[in-house]
Amino acid sequence: MGKSRRNRGGGKGGAAGARQDPLSKPKGAPTWKPVKPPSDPELAALRERRILPVLRDLQSSEPKARSAAAAAVAHIVQDAQCRKLLLREQVVRVLLDETLTDASLEGRAAGWEILRVLAAEEQPDFCVHLYRVDVVTAIQHAARKVTETLTTSNPPFSKTSKAEQNFVWSIAEALTALIDQLAEAHDEAFDAIAKNADIVHFLFVLISIGFATATVSENALLCILTLSEDNRPFVEAILADETTKTYDRLTSFQRGGGYKAVLACGILHNVFAAMEWHDQNPGRGGASDAVLVPTLSHSLEQAQSSGGVTNGNGLSSPADILQLALEILASIGTTLQESLEKGSKDEEWDGIEDKDDDVMDADAISDDEDGVVSENEEPDDKDEDADADADADGDGDDADEDDEMDEDAMETDMEMVTGADDRPDEDNSGIDDMPTLKELLQRAVPQALKIAQRTTSNGDSDEETAVLCGHAFATLNNIAWTVSCIDFSEGRSAPILQAWRPIARAIWRGAVAPVLASDTSDVGLATVVTSLAWALARTLHYHDESDTNDKEFLAGSGGEHKKFISLYQTSRYLRGVAEAAKEKITDNEDTDPFQTLGVRCVGVLGQLALDARAPLELNREIGSFLLETVLRRLPDGTPAADAVEALNQLFDIYGGGDDSDEEAARNRDREVFWKEGFLKHFEEALPKFRTAVRWVDKRKQAELRLRAEEALMNLRRFIQYKQKHRPRS
């Protein structure tokens, strides 16, 4: 989706049946009660002096008085105190019943402007209220009237007076703003608007005519962007529209520049997602997200070079363009992962490899005491699925590096990123078969990385800069996780990994490490950076001895793993504070226990320890931390999800299952696992973890319980395997 909709007000009590006459009161509409004056003397005086006079004139029998009053209300509604008093005096009822149906075009324009300001300034609940008093019907009538005015040839719109044109554009601007606000605020309003033929045609007309003002055109595109999100019927209406040829108009905008191009990219991305048009199944004219990435990346580059965030034409400003383009690119990264998963016919390796003689083998332990796997029972592969799922679901954050990069180093990294696919001696056939991924890596990542570098290098970031930083990291995170879900265990994906390696290292040095070095107190930023670090580490632990450029350990010597250990301790403290106050840390953590900062820290630490190039001392430190800190505090001192992820990572590190360097795996086993007596810690953790698993309510947390049970099964098997293969003294 291009633009995420805000949480819409739910609840019962939708709008009543549509009215044929907007003047009539809809069935079920609230009964207006007499208003008591405010008890505050200052507010009471303001009411008498400014509010009541204009409301009386707003309902006057004189057209000029009504128009003047509407203009006055449109002005004073900007003031917070006046706005509250107007709402208290039921100004919405007056507007719906009288002003919006006034014979005067000027009065109607002022009425819609008042509603626009009210909706913009008040909470989303106000839009829910507007929907319930049937404002959609009023919007429908006004939209139909504006459409007729703009498209009629008798007289042509260009022949009308300048004042009339201005009033029409004012109404169109207010209507489009209200449509977008209503659609974002309430599910029923969204559905009602998307299914309203007059409103939809109104929006299509506004982007098809070449003489609409910049604000009106951009507003209309925003509305279409909102309505096209996860809405196949609306998307099909776009594709089927032969009157205004909306799809062709959108592709024309997309090939242009500026804010309109970015908005068009967002809509087209929604179209492609709804119709399931992707690289393996391109749509009309070969359409897929690959055609959008160059436009979005170029928009990022232009917006950054323009400097500042001053307003441009219409709604657009460099900040608007940057934020929306990053949101769309982040969504493209996620959608690409979904399309790759649908197109993949291969099973992924997800945990302990039963068929490998060098790892835990079901047959080898079938006769052991616990009888975890019987002779007649097939090995359970579900536990392996849990490991991969835990990695793929993680949305963590990065927070590494003690050393700041200088400008020359950043430029060198950027050259590596942008030139990753230009080396003639490399076979890039794998990535050439994935044009969307290729465009993301070559074009989008360098621009998102620049934004992340510039925003994180500014210690005193303002709120707007912090927001852009978050979007840049989200874009990098989504792309990195998409790459991390590609199976690199087979040689056919080697060209993709070769193209990705320099990019991933540049992201780590240019974005992850500076945040870690800054010891940021922004938990949200730390969480997304840890997620990014986890995704990078998941791909770069694959080691290719034949690649001379693949000799460097991802985390280098900067001690980044210590930062993640510290972050994990911080996450425990924050969770303890929240639990003591009986509060949620975040909604995301409440709904998915595998998305917490703690789980993400465990994930990235495990992947760093798994890297064949990692020093044994680092492996020892991480292994000890996971066993002696995370698992030792079971059953009540460590969240079950943290323990599940820690076990899955430890199985990979010391189980010998998923490692491209067998010698490194043997060294870890001999020099760390056995010399440090890790088996004892696993054995001590077994009864504690079993208790923790039983404490998970399978009715409330079904996935957590399932994955915990799978981890428990693997823990028993792991212990049995290690006991059976204890080295000889």
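Helices here are DSSP runs of H or I with at least four residues, numbered from the N terminus. The model is predicted, so local features need pLDDT of at least 70 and side-chain atom pairs pLDDT 80 or more, while totals for chains, interfaces and linings use all residues. Residues count from 1 along each chain as its sequence is written, and side-chain values use heavy atoms, with hydrogens and water left out.

**Exercise 1.** Place Asp134, then work out whether Asp134 is buried or exposed.

*Solution.* Start with the fold: Asp134 sits in the loop between α6 (124-132) and α7. Next, the backbone: phi is near 65°, a positive value in a residue other than glycine. Finally, Asp134 is buried because its relative accessibility is 3%, where buried means under 20% relative accessible area, exposed over 50% and partly exposed in between (1.4 Å probe, protein chains only).

**Exercise 2.** Find what the side chain of Asp102 reaches.

*Solution.* First, locate Asp102 in the loop between α4 (91-97) and α5 (105-121). Then look at Arg66: a polar contact of 2.5 Å links its side chain to that of Asp102. (Polar contact: a pair of N or O atoms within 3.5 Å; within protein, one must be able to donate a hydrogen and the other to accept it, and residues adjacent in sequence count only if both atoms are side-chain atoms.) Last, the Asp102 side chain also gets to the backbone nitrogen of Ser104, at 2.7 Å.

**Exercise 3.** Track down the cis peptide bond before Pro155.

*Solution.* Go to the loop between α7 (135-151) and α8 (162-185), where Pro155 lies. The bond joining Asn154 to Pro155 is cis, with omega about -5°.

Key
Helix = DSSP H or I, 4+ residues; strand = E, 2+ residues; numbered from the N terminus.
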